[in-house]
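Visitor: Hi, could you walk me through this one? I'd like to poke at a few spots.
Guide: Happy to, here it is.

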Amino acid sequence: MRSHYTDPTFQHLYQWNLFDTLLLIPYFLVMIVLAFYGVHRYQLVWLYYRHRKNATHAPAQLFRELPRVTIQLPIFNEQYVIDRLIEACCKLDYPQDRLEIQLLDDSTDETQQVAAGIVERYRAAGHPIVHMHRTNRYGYKAGALDAGLNTATGEFVAIFDADFVPPTDWLMDVIHHFADPRVGMVQTRWTHLNRDYSFLTQVEAILLDGHFVLEHGGRSRAGVFFNFNGTAGMWRRVAIEEAGGWQHDTLTEDTDLSYRAQLKGWQFRYLQHVECPAELPIEMTAFKTQQARWAKGLIQTSKKILPVVWRSDAPLRTKIEAVYHLTANLSYPLMVVLSVLLMPAMIIRFYQGWLQMLLIDFPLMMMSTFSISSFYLVSQKELYPRTWYKTVIYLPFLMALGIGLTITNTRAVLEALFGIQSAFKRTPKYRVEKRGETSKAALKYRKRLGIVPWVELIIGCYFALTVYYAIVNENYFTIPFLLLFVLGYWYTGLLSLLQGRLDRWRGGANLDESSPKPFPVGV
């Protein structure tokens with residue numbers, strides 16, 4: 001300690017130069033922007049508690065006579081979960097003469113025959129369900145929902161994705177909030193059927209809990225714009241129509257419609273106490289597909305919607321929150337820039353003196369990273385007040401997983417920024433809930449691996465060298481931060497490769513994404 005941190009022999013020998021300046025300016029700009037997004041997480045926690053009294057619980061008034069409701073179930077090549085979905089929807093506690101269920105089927109494999117058989121069986125039992133199969137995927141999910149609205153008879157429209165299992169009282173818990181004529185949409189909280197399936201699903205569950213508790217909770221309580229999540233929610237049909245209907249020019253048609261509807265003056269409600277269980281992706285490649293679609297879609301929506309938001313009469317705080325919400329995924333390409341500059345910046349900052357790194361670099365890193373752990377700890381404390389502390393062991397892996405998604409999500413964000421269009425790649429549903437369960441769906445619907453996992457492993461090695469450099473030069477303050485990068489890139493890369501290769505070695509996995517039969521993969 002004395003020789004390396006208090007010996008002034010070489011003090012003031014470092015001379016500032018142009019090269020260091022040109023390198024450190026973008027380094028600090030990236031760090032500052034990431035720190036702003038980190039501080040925003042603290043703000044969401046503050047909004048959540050500051051406006052606790054505004055949380056929505058029981059509806060202010062009830063319908064004297066229950067209105068007609070249409071339930072839309074958009075599916076695509078999901079034969080292993082549709083029977084569970086249809087059974088749950090047919091068990092919903094609601095008068096059958098005021099209910100209509102549409103199975104919106106865009107499938108290209110035998111799911112359409114399986115779905116038709118299940119629908120026919122429930123129709124014969126007296127349930128008001130219809131099977132609507134399209135021969136093309138025009139507009140993808142948005143196109144299917146829009147096509148269903150053309151024949152829907154309900155004044156209100158509930159939507160469930162294929163992997164959801166709404167409880168029997170879900171409709172009755174939600175519908176009466178629409179007795180207020182100002183309400184255009186009601187969103188309920190996702191829970192997780194297979195939370196305990198693996199370490200990965202545990203981390204995914206914590207990520208989603210943070211979104212549904214603090215992002216939705218904070219925004220809805222503060223009265224700023226928040227979004228419908230594409231499923232486990234209900235719309236007033238008039239609100240959809242007045243907002244311009246379902247549009248498919250972004251991959252997050254749910255967020256797009258949400259902002260357009262709120263700009264029209266419709267109010268949204270978020271019911272944190274009403275749960276709707278669903279299935280989490282059990283494979284890293286499936287999780288990456290889901291996250292990349294959301295990342296690209298939100299940036300597409302920001303390009304489309306933010307100019308309209310800023311021209312609107314919405315309050316300034318609503319506009320600022322919309323910017324944070326819709327542009328948050330820009331942090332992924334910024335993380336790539338940071339990854340490139342980190343080691344050179346460490347070398348330069350080391351020669352400038354460790355005290356400057358401690359006073360400048362370290363606080364910025366803490367604002368960017370520590371806010372993540374506190375954000376998700378608070379969400380777990382709200383949901384599980386007696387056991388929330390057990391979440392601590394998952395936090396390093398949660399932060400590492402976010403870093404490991406950088407390559408996949410950066411590509412998605414850049415495609416959105418440069419206007420590169422892509423298909424709606426749905427997340428495979430495998431119908432596994434307990435540890436040790438396997439599914440034939442994993443062999444049929446797995447996405448092709450590509451080169452990305454290998455790139456992640458190489459970047460992880462680069463950061464391992466950075467850790468070595470930090471140790472050799474006794475730059476101990478940065479080592480925990482750097483280890484998150486190593487763990488994140490190696491974890492996502494190795495898990496992607498192992499989950500794909502094991503089934504290939506067993507034989508039977510169709511990894512050709514372009515194969516037209518018998519089962520399209522990763523679409």
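Visitor: Let's start with Asn77: buried or exposed?
Guide: Buried, because its relative accessible area is 1% and the cut-off for buried is under 20%. Keep in mind that this is a predicted model.

Visitor: Where is Asn77 found?
Guide: Asn77 sits in the loop between β1 (69-75) and α3 (82-90).

Visitor: And what about the phi of Asn77?
Guide: The phi of Asn77 is positive, about 50°, although Asn77 is not a glycine. As background, most residues other than glycine have a negative phi.

Visitor: Which place does Ala232 have, then?
Guide: Ala232 is in the loop between α7 and β6 (233-236). Ala232 also has a positive phi, near 60°, and Ala232 is buried, with a relative accessible area of 0%.

Visitor: Switching to the sheet: in what order do the strands run?
Guide: The order is β3-β2-β1-β4-β6-β5-β7, an open sheet of seven strands with mixed pairing. At the edges are β3 (129-133) and β7, each of which pairs on one side only. Ignoring direction, neighbouring strands of this sheet are turned by 20° against each other on average.

Visitor: In which sense do β2 and β3 pair?
Guide: Parallel: β2 (residues 99-105) and β3 are joined over five bridges. Within that pairing, Ile101 stands opposite Ile129 in β3.

Visitor: Okay, pockets. How much space lies in the second largest one?
Guide: About 560 Å³. The lining of that second largest pocket has 25 residues, and Asn54, Thr56, Ser220, Arg221 and Phe268 are the ones nearest its centre.

Visitor: Which element gives the most to that lining?
Guide: β7, with six residues. That is the edge strand we met in the sheet. The elements α7 (199-222), β7 (267-278) and α13 (354-383) each supply at least two residues of the lining.

Visitor: How do the lining residues divide by character?
Guide: For the second largest pocket, they are nine nonpolar, twelve polar and four charged.

Visitor: One more: why does Lys141 count as buried?
Guide: Because its relative accessibility is 13%, and under 20% is buried. Lys141 is in helix α5 (residues 140-149).

Visitor: What does Lys141 touch?
Guide: Leaving out residues up to four places away in sequence, Lys141 touches Pro74, Asp161, Gly230, Glu253 and Phe424. There is also a C-alpha separation of 8.6 Å between Lys141 and Asp106, which are 35 residues apart along the chain.

Visitor: Great, thanks for the tour!

How values were computed:
Residues are numbered from 1 along each chain as its sequence is written. This is a predicted model: local features need pLDDT of at least 70, side-chain atom pairs count only at pLDDT 80 or more; totals for chains, interfaces and linings use all residues. Side-chain values use heavy atoms; hydrogens and water are left out. On a 1 Å grid over the protein atoms alone, a cavity is a set of points where a 1.4 Å probe fits but cannot get out, and a pocket is an open set with protein on both sides within 12 Å along at least five of seven lines; lining residues have an atom within 4 Å of a point. Grid points are joined across faces, edges and corners, and a volume is the space filled by probe spheres set on the points. Helices (H or I, at least four residues) and strands (E, at least two) are DSSP runs, numbered from the N terminus. Ala, Val, Leu, Ile, Met, Phe, Trp, Tyr, Cys and Pro count as nonpolar, Asp, Glu, Lys and Arg as charged, and the others, Gly among them, as polar. Buried means under 20% relative accessible area, exposed over 50%, partly exposed in between (1.4 Å probe, protein chains only). Contact means heavy atoms within 4.5 Å. Two strands pair if DSSP finds at least two bridges between them. Axes are lines fitted to C-alpha atoms, for helices over the stretch in contact, and angles run from 0 to 180 degrees between N-to-C directions.
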